[in-house]
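Dear colleague,

I am handing over the structure below, and my notes on what was found in it follow directly after.

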Amino acid sequence: MASLKAPPALRRWIQQAGRQHPQVAKRHAATAATPLEHHTPDPYVTPTEVPAPAPGLHRAERRQAVQNAKPFSEFLTDTLHRQHDYLRISLTERCNLRCLYCMPEEGIQLSPNKDLLTSAEIYYLSALFVNQGVNKIRLTGGEPTVRKDIIPLMQRIGSLRSNGLKELALTTNGISLHRKLDAMVEAGLTGVNISLDTLDPFQFQLLTRRQGFDAVMKSINRVQEMNKVGAGIKLKINAVVMRGLNDHQILPFVEKTREEDVEVRFIEYMPFGGNKWSEKKMLPYAEMLDMIREKYPDVARLQDARNDTSKTWQVPGFTGRIGFITSMTHNFCGTCNRLRITSDGNLKVCLHGDAEVSLRDLLREEHGGEPMDEEAFDAVRQIELDRRKAVSWAFDAEEGWVSQERRLLDVIGAAVKRKKAKHAGMGALENMKNRPMILIDREVVPRNTTWRSHKQPLPGALTRTWSPRVPVHLLSSRSPTVSQMRWSSSNSAPTRESLTGSREATTRPTSALTHVKSSGEAHMVDVGAKPSTRRVAIACATVLFTNGEPFRLISENSNKKGDVLGVARIAGIMAAKRTSDLIPLCHPINISKAEVDVQLAAPGDAGIGVSGAANAYGAAVVQARVECVGPTGIEMEAMTAAMGAALTVYDMCKAVDRGIIIAKATLLYKSGGKSGLYVDEEWAGRVGREFFVEHDLEMPESLA
């Protein structure tokens with residue numbers, strides 16, 4: 001057989017690697033990831049602090065390097081200790097096929113271009129996630145190869161190898177891959193998953209509603225040709241199996257692995273918006289395996305890696321392998337390591353979850369909500385750097401990080417912390433509202449951890465201490481439970497006049513205004529001589545709805561702006577940390593703990609500090625607890641946290657209720673300092689002794 005000639009891209013790659021790494025030139029082959037090391041480091045995100053040890057290090061030095069390595073980012077670690085080091089990014093909603101299980105027959109309404117992430121935004125988010133520990137990025141769609149700038153975008157993402165990226169993969173239908181593959185390999189492509197549901201050219205046209213079978217096979221052959229000369233591309237074929245439609249193609253696909261080094265993965269048919277899923281069409285893993293065993297009785301199970309989605313098998317003597325993606329019958333949620341970013345910039349932590357949070361809106365906040373290109377990023381970054389230089393005290397311990405990144409990581413971390421142990425069952429998934437598959441990503445392979453069904457109440461948010469990788473280690477909160485929700489027959493709406501009430505407290509403030517001189521001038525109190533003591537403050541705010549729509553949307557988690565209670569918690573914590581920036585005479589305080597609890601209260605519930613008549617349509621109740629060890633009180637931090645969370649609820653619900661009332665914003669508890677203990681007795685009676693004992697708080701006399 002004539003020897004194969006390396007394609008131009010691979011020859012250039014070998015020459016470049018040979019000049020910088022002579023051992024590569026001797027082998028004349030290496031993985032496609034190597035050239036990524038020669039790209040310019042990311043200009044936005046701080047590189048990984050601890051580089052991989054050089055091959056020449058002694059064992060003791062390598063051991064020391066491992067001991068000194070940073071722990072995996074807490075932002076990407078959920079409450080079940082699953083570390084999310086794999087990010088899937090959808091580059092486009094467009095596709096040149098119309099697969100039955102992916103695209104609704106009537107098509108989809110494409111988003112305006114301005115709503116989609118720009119290349120600069122995609123690269124920025126890629127760099128942000130890589131810096132936090134993501135080592136694998138997969139580009140999906142729609143169909144990613146229809147994006148005009150796919151090659152330069154892959155080159156930029158590939159440059160993140162120097163920051164810790166190990167794999168850059170692509171999921172594609174293969175229609176145009178063969179025309180771009182050389183350039184992609186040169187950019188650093190390490191893996192390709194090609195979606196192909198049949199080896200019959202005529203059935204291909206029926207399943208995809210388009211022609212193109214020959215182009216897909218050409219792409220598969222091209223990958224295999226490049227691998228024979230050392231490209232090292234991991235090649236997988238994904239086939240969604242539907243009973244009575246293409247299940248007769250299982251054995252031909254298995255036979256394809258006899259001589260070809262490829263892994264064919266059979267995927268259980270899954271429900272998505274508009275794909276007309278039914279359990280009768282779904283062929284389970286066990287039945288597929290039985291069909292294969294009838295012809296290949298000695299097919300054997302292989303050892304899978306920890307985070308593999310596929311159960312891998314091989315027929316003895318065959319070159320390739322087969323796999324099964326069993327998300328419907330045997331979930332693999334326990335080892336989930338995936339996150340998804342949709343083409344319109346939303347973060348999805350579970351393929352089967354409908355809850356999403358917008359990273360795009362946060363990115364564009366300082367750009368008037370407009371799409372950001374490279375120049376816009378440079379301008380925003382320069383503004384942040386100048387601002388940090390001008391008021392360095394306001395960015396204490398944040399050197400090297402712009403405030404925008406910190407806010408993004410706050411939101412990302414909160415989303416990851418809300419993931420549950422596993423996704424809903426088959427019956428619930430069938431009826432769950434979700435995007436069409438084309439608007440999530442092209443490959444129908446879930447990483448099955450979930451947020452919640454859209455009809456379930458919202459769980460708590462943060463439950464663990466955050467990573468010191470960035471200065472947001474103050475974020476932690478208890479996981480609140482949602483109040484029992486009861487609909488009231490009352491038709492009376494709350495009024496501002498009905499919200500006032502009296503309360504008794506154990507102590508009262510003195511009549512002297514410490515922030516005002518005798519001349520009437522305002523000044524900041526000198527606390528330099530005061531002793532440092534433990535100080536705790538608790539404040540609350542109640543957000544009353546004036547119609548039933550906000551309560552319904554929040555309880556079903558179907559608000560268009562996202563997770564209202566989760567975002568409000570984060571906003572409250574951030575507000576507490578920025579109190580001295582907002583309130584002129586407040587001292588900057590080193591907060592040791594900040595917790596914000598936001599719960600829904602059912603219509604008519606009078607146990608929230610306002611009358612049942614005032615709470616006719618439900619409410620969001622905020623309680624903020626802030627602690628420090630210092631010479632001055634922390635009441636303002638607690639009040640700012642409560643109001644920041646309440647205002648966030650208002651902002652996210654005002655589109656459906658312009659009459660929202662923020663009521664009962666008050667201090668509930670304060671301890672430490674010269675003035676001693678202050679407690680709202682009405683509140684203390686509601687929470688009881690257990691609350692004070694659990695949180696190690698000074699007990700008021702009324703409960704002693």
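**Strand β4 and its surroundings**

From β4, the residues G191, N193 and S195 point one way while V192 and I194 point the other way, and all of them are buried (under 20% relative accessible area with a 1.4 Å probe, protein chains only; over 50% is exposed, and in between is partly exposed). Helices (H or I, at least four residues) and strands (E, at least two) are DSSP runs numbered from the N terminus.

This is a predicted model, in which local features need pLDDT of at least 70 and side-chain atom pairs count only at pLDDT 80 or more, whereas totals for chains, interfaces and linings use all residues. Residues are numbered from 1 along each chain as its sequence is written, and side-chain values use heavy atoms, with hydrogens and water left out.

Strand β3 (residues 167-172) pairs with β4 in the parallel sense over 4 bridges, where pairing requires that DSSP finds at least two bridges between two strands, and T171 has N193 in β4 as its bridge partner.

In the wider picture, 12 strands form an open sheet with mixed pairing, in the order β7-β8-β9-β6-β5-β4-β3-β2-β1-β10-β11-β12. β7 (300-301) and β12 (357-358) stand at the edges with a single partner strand each, so one side of each is left without a neighbour in the sheet. Strand β11 (residues 346-348) is joined to β12 by 2 bridges, and these strands run antiparallel; the bridge partner of N346 in β12 is S358.

With best regards
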